[in-house]
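Biologist: Before any bench work, I should like to question this model closely. Please show it first, and then let us reason through it point by point.

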Amino acid sequence: MILKKTAKAVDIAVFITSRSAIEPVTTEEIAAGLGLSSSYTESILKELREAGLIRAHRGPGGGYQIRGNPEDISLWDVVKHFEVVHSFDEVYPDNAHPMKALESEIQRHLQEALASQTLDDVAVPFMPRDASVSSMLGQFRLKPMPAPFIPKAPNSVFQLSMML
């Protein structure tokens with residue numbers, strides 16, 4: 001039904017959607033996170049980039065991000081770049097063949113199911129533990145607060161004479 005490469009492409013697109021909210025995701029992070037080799041990950045990333053689904057940022061702090069809004073990209077948008085949509089006319093020239101109708105119906109249902117789910121629907125946002133702190137530290141430079149002022153006063157009327 002769906003090739004292993006197609007399933008991994010969907011996994012990569014979902015992984016990037018989940019992790020790239022703060023900064024782009026590197027090939028190494030994707031490969032390690034999904035248990036794939038770097039070269040296999042690179043080949044899929046290249047196809048996703050050529051399909052216009054992701055964009056690459058080069059240099060320090062670079063990596064991959066989803067191109068556009070994840071709410072507007074369906075899983076079918078990813079799958080259709082890796083799968084061949086079959087025309088069962090060649091396999092079953094007879095229109096009355098029961099398998100032709102069955103396989104066409106299966107393919108149609110699969111397309112509808114994938115088209116109804118977006119990357120945003122299936123991605124779980126990932127926030128590293130130190131991301132909010134480090135991002136705030138990068139944006140604002142706050143000076144340290146002064147030590148609190150504690151007035152020196154007597155605790156009772158009897159200590160008042162000692163203070164004067």
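**Helix α3 and its surroundings**

Biologist: How far does α3 reach from its first C-alpha to its last?

Modeller: Helix α3 has 13 residues; helices (H or I, at least four residues) and strands (E, at least two) are DSSP runs, numbered from the N terminus. The expected span of a helix is 1.5 Å times one less than its number of residues. For α3 that expectation is 18 Å, and the reach in the model is close to it, at 18 Å.

Biologist: What kind of model is this?

Modeller: pLDDT is the predictor's confidence in each residue, from 0 to 100. Residues are numbered from 1 along each chain as its sequence is written, and side-chain values use heavy atoms, with hydrogens and water left out. Local features need pLDDT of at least 70, side-chain atom pairs count only at pLDDT 80 or more, and totals for chains, interfaces and linings use all residues, for the model is predicted.

Biologist: What arc around the axis do the buried residues of α3 cover?

Modeller: Buried means under 20% relative accessible area, exposed over 50%, and partly exposed in between (1.4 Å probe, protein chains only). In α3, Thr41, Ile44, Leu45 and Leu48 are buried. The arc is that of the directions from the helix axis to the C-beta atoms. These four residues lie on the same side of α3 because their arc is only 105°.

Biologist: Which residues are exposed on the other side of α3?

Modeller: The buried residues of α3 pack against α1, α2 (27–34), β1 (54–57), β2 and α4, where a contact means heavy atoms within 4.5 Å. On the other side of α3, the exposed residues are Ser39 and Glu50.

Biologist: Which residue just after α3 takes a positive phi?

Modeller: The helix α3 runs over residues 38–50. Just after α3, a positive phi of about 80° is taken by Gly52.

**The nonpolar core**

Biologist: Which element gives the most residues to the largest nonpolar core?

Modeller: A nonpolar core is a set of buried Ala, Val, Leu, Ile, Met, Phe, Trp, Tyr and Cys residues joined through side-chain atoms within 4.5 Å. The largest has 26 residues, of which Ile12, Ile16, Ile30, Leu48, Val78 and Leu119 touch the most other members. At least two residues each come from α1 (4–19), α3, β2 (63–66) and α4 (75–79). With seven residues, the element that gives the most is α1.

Biologist: Which elements do the buried residues of α1 pack against?

Modeller: Helix α1 has 16 residues and reaches 22 Å, close to the 22 Å expected. Its buried residues include Ala9, Ile12, Phe15 and Ile16. They pack against α2, α3, β1, β2, α4 and α6 (119–122).

Biologist: Is Ser74 buried or exposed?

Modeller: Ser74 lies in the loop between β2 and α4. Leaving aside residues up to four places away in sequence, Ser74 touches Leu114, Ala115, Gln117 and Thr118. At 9% relative accessibility, Ser74 counts as buried.

**Salt bridges**

Biologist: How many salt bridges does the structure hold?

Modeller: A salt bridge is a side-chain nitrogen of Lys or Arg within 4 Å of a carboxyl oxygen of Asp or Glu. One of them joins the side chains of Asp77 and Lys80 at 3.6 Å, N to O. In total, the number of salt bridges is five.

Biologist: What separates Glu50 and Lys46 along helix α3?

Modeller: The side chains of Glu50 and Lys46 meet in a salt bridge at 3.8 Å, N to O. Glu50 counts as exposed at 59% relative accessibility, whereas Lys46 counts as partly exposed at 44%. Because they are four residues apart in the helix, their separation is about one helical turn.

Biologist: Which residues are joined into one network by salt bridges that share partners?

Modeller: The closest N and O atoms of Glu105 and Arg108 are 2.3 Å apart in their salt bridge. These two residues are three apart in helix α5 (residues 98–116), and so about one helical turn separates them. Through shared partners, the network joins Glu105, Arg108 and Glu112.

**Confidence**

Biologist: Which element of the protein chain has the lowest mean pLDDT?

Modeller: The protein chain averages a pLDDT of 81, and 84% of the residues score at least 70. Over residues 131–140 pLDDT stays under 50, and the model has one contact for them beyond four places in sequence. The highest mean, 94, belongs to α3, and the lowest, 45, to helix α7.
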